[in-house]
Amino acid sequence: MRFGNLLLCILFLTSVPNLYSQSKTENLFVITLDGLRWQELFSGADAALIQNGQYVKDTATLIKRFWNDDPGKRRKKLMPFFWSTLAAKGQIYGNRQKNSPVNCTNIFHFSYPGYAEILCGFSDAQNIRSNEKINNPNQTFLEILNHNKKFRGKVAAFTSWDVFPYIINEDRSGIYVNAGFDHCEEAKLTREEKMLNKLQDEIPSPWSSVRLDAFTYNYAKAYIKKHHPKVVFISFGETDDFAHDGRYDHYLNSARQTDQFIADLWDMVQRSKTYRNKTTFVISTDHGRGEGDDWTSHGSRIEGSDAIWIAVLGPDSPAVGEVLNSKQLWQNQIAATCMSLLNQPFPEQGIEAGKPIETCQQDVNKKGSEIK
Ligand SMILES: [Zn+2]
């Protein structure tokens, strides 16, 4: 090849636009709130439930903390980080009252199938049909990343539910998973980690398979500060279990506290040289729940259990806030969206996966955003 041709060839190759070549996301935090309904996220506390003595012990206190006649103000009382920072700088999909539907594709509408759909990018109804502790035969996108040189050893998961070591297939994936009532078992523990281990043993959880979310969050935060992982999965569990217990007061207080955990994490990211302006948060839920008295439950027989929501906040996502009139989105698009934000290929695994949500990422070849 003559030098002139070679030069032309190089010029051509460097000018071909790689769709996401300008992706700024180098780190990704995926956060889930188990079974938190879109109804509370977008409208705040439910008028009927907050006054129902069957579900609430101290209505007056709860009304003082969470009630406002204006749903816009009410939702901000419940989830202030979502409706200040995230609404101003990120994207929130899933308000059916504003024509923005997001649903599960799986037919089960409970946790293992929901988390598997979020993390693998598809529903495998043959193999994933219960919450039993069975190793996931499919790879999550976390595992795909952990097998990639760039991310190996830099993927970690912190979960309140003790089934996640199976969903993530800890043995095969090699991902660091701290789940259920796991301690931090590193050789050198910080004072904070020692204290978390001690308190986790001393404070009884209301449930046998789910720990209180403060432990999950603080174990995650301690690990992030110490090891600077690139990809972190944090799964909070209280909202679902308090709902099953029929405790609307605890459910609301938990939603509020989890919002504060996410705010704290975002604040830490903004103050960190490692993470600032190159970290995206993707936040969602495994399933919805029923309406009225059915709010305590979910599953294929409870209407509305497949209604979920997705929020995204990061340097590549146009700041559109609450998304109106979007096309139908699906839970199986989350994994592909995460891989696309990280500018990584997403290999097929035999079952067709959902496609990336285009509007989560600034398309460098298009001007403006199509989201209304
Ligand atoms: Zn549940």
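In this tour, helices are DSSP runs of H or I with at least four residues, strands are runs of E with at least two, and both are numbered from the N terminus. The model on display is predicted.

**The whole chain**

Begin with the entire chain displayed as a cartoon. It contains 15 helices and 10 strands. Its radius of gyration is 21 Å, close to the 21 Å that the globule rule gives for 372 residues, so the chain is as compact as a globular protein of that length. The C-alpha trace spans about 85 × 50 × 45 Å along its principal axes. Of the 372 residues, 49% count as buried. Among contacts with a separation of 6 or more, 68% are between residues 24 or more positions apart.

**The sheet**

Next, select the eight strands of the open sheet, whose order is β5-β4-β6-β1-β7-β8-β2-β9, with mixed pairing. At the edges stand β5 (176-179) and β9 (321-322); each has a single partner strand, so one side of each is left without a neighbour in the sheet.

Now select residues 155-159, strand β4, together with residues 231-236, strand β6. These two strands run parallel and are joined by five bridges. Thr159 can be found opposite Ser235 in β6. Add residues 213-227, which form helix α12 and pack on the sheet. Helix α12 touches β4, β5 and β6, and its direction makes about 170° with that of β6.

**Helix α15**

Proceed to residues 334-341, helix α15. Is this helix largely enclosed by the rest of the structure, or left open? Seven of its eight residues are buried, so helix α15 is largely enclosed. The buried residues are Ile334, Ala335, Thr337, Cys338, Met339, Ser340 and Leu341. To see what surrounds them, select β1 (27-33), α7 (111-120), α8 (141-146), β7 (279-284) and β8 (310-313), against which the buried residues of α15 pack. Just after the helix, select Asn343, which takes a positive phi of about 60°.

**Ile334**

Finally, return to Ile334, which lies in helix α15. Why does Ile334 count as buried? The reason is that it has 29 C-beta neighbours inside 10 Å, where 20 or more suffice for a residue to be called buried. Leaving aside residues up to four places away in sequence, Ile334 touches Ile118, Val282, Ser284 and Ile310. As a last selection, show Tyr93 as well: the C-alpha atoms of Ile334 and Tyr93 are separated by 12 Å, although the two residues are 241 residues apart along the chain.

Note on methods
Residues are numbered from 1 along each chain as its sequence is written. This is a predicted model: local features need pLDDT of at least 70, side-chain atom pairs count only at pLDDT 80 or more; totals for chains, interfaces and linings use all residues. Two strands pair if DSSP finds at least two bridges between them. Two residues are in contact if their C-beta atoms, placed from the backbone, lie within 7 Å. Axes are lines fitted to C-alpha atoms, for helices over the stretch in contact, and angles run from 0 to 180 degrees between N-to-C directions. A residue is buried if 20 or more other C-beta atoms lie within 10 Å of its own, exposed if 12 or fewer, and partly exposed in between; C-beta atoms are placed from the backbone. The radius of gyration is taken over C-alpha atoms; the globule rule is 2.2 Å times the number of residues to the power 0.38.
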